[in-house]
Amino acid sequence: MRVVVISVGIPPPALRDLVRGYLDRTSPLFPSEWLTVADGDPRGSKLPGRAVAAEGARLLKRLEGPALNVALDERGKPRTSRQLARWIRGGGGYASSFDP
């Protein structure tokens, strides 16, 4: 298994610390890396839907090959590490586009 964390924009310091801590703890177990994509709409649109669609397109371009892809969102339901591990072992579940 390989874990790639892809985030949109420059995350705040607290989130950077959390992701780095996670990758430091898991790197002895499996390869992992952290990638970022630019936030917003490159055409400069201020419409939220266009920005989200543009960000989603950039996220999808960073995905490689067949994999279990997990999109995390501030509106999602919190999970414990054990719950997430069970969900991954089960092959995932609900999937939707990055564009609401």
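Tutor: Before we start, accessible areas here come from the Shrake-Rupley method with a 1.4 Å probe. Also keep in mind that this is a predicted model.

Student: Good to know! So how much area does the chain expose, and what share do carbon and sulfur atoms supply?

Tutor: The chain exposes about 7,900 Å², and carbon and sulfur atoms supply 57% of that.

Student: And what percentage of the residues are buried?

Tutor: Buried residues make up 19% of the 100 residues in the chain.

Student: OK, what's the layout? How many helices and strands are there?

Tutor: There are 3 helices and 2 strands. Reading from the N terminus, the order is β-α-β-α-α. The C-alpha atoms fill a box of roughly 40 × 30 × 25 Å along the principal axes.

Student: Let's zoom in on helix H1. Which of its residues are buried?

Tutor: Those are Val19, Leu23 and Thr26. They cover an arc of only 75° around the axis, which puts them on the same side of H1.

Student: Why would residues a few places apart in an α-helix point the same way?

Tutor: An α-helix has 3.6 residues a turn, so residues three or four places apart point the same way.

Student: Neat. What covers that buried side of H1?

Tutor: The cover includes strands S1 and S2. On the other side of H1, the exposed residues are Ala14, Asp17, Leu18, Asp24 and Arg25.

Student: Does the length work out? What span should H1 have?

Tutor: H1 runs over residues 13–26, and at 1.5 Å a residue its 14 residues should span 20 Å. The end C-alpha atoms are 20 Å apart, which agrees.

Student: Switching to the strands: where is Ser7, and is it buried or exposed?

Tutor: Ser7 lies in strand S1, residues 3–8. Ser7 counts as buried because its relative accessibility is 12%, and the cut-off for buried is under 20%.

Student: Which residues does Ser7 touch, if we skip neighbours within four places in sequence?

Tutor: Ser7 is in contact with Trp34, Leu35, Thr36 and Val37.

Student: How about Glu33, where does that one sit?

Tutor: Glu33 is in strand S2, residues 32–37. At 29% relative accessibility, Glu33 counts as partly exposed. Again leaving out neighbours within four places, Glu33 contacts Arg2, Val3, Val4, Val5 and Leu23.

Student: Last one, on charges: how far apart are the mean positions of the positive and negative charges?

Tutor: The mean positions of the 16 positive and 10 negative charges are 5 Å apart.

Notes: Residues are numbered from 1 along each chain as its sequence is written. This is a predicted model: local features need pLDDT of at least 70, side-chain atom pairs count only at pLDDT 80 or more; totals for chains, interfaces and linings use all residues. Side-chain values use heavy atoms; hydrogens and water are left out. Helices (H or I, at least four residues) and strands (E, at least two) are DSSP runs, numbered from the N terminus. Buried means under 20% relative accessible area, exposed over 50%, partly exposed in between (1.4 Å probe, protein chains only). Lys and Arg count as positive and Asp and Glu as negative; His and the chain ends are not counted. The place of a charge is taken as NZ of Lys, CZ of Arg, CG of Asp or CD of Glu. Contact means heavy atoms within 4.5 Å. The expected span of a helix is 1.5 Å times one less than its number of residues. The arc is that of the directions from the helix axis to the C-beta atoms.
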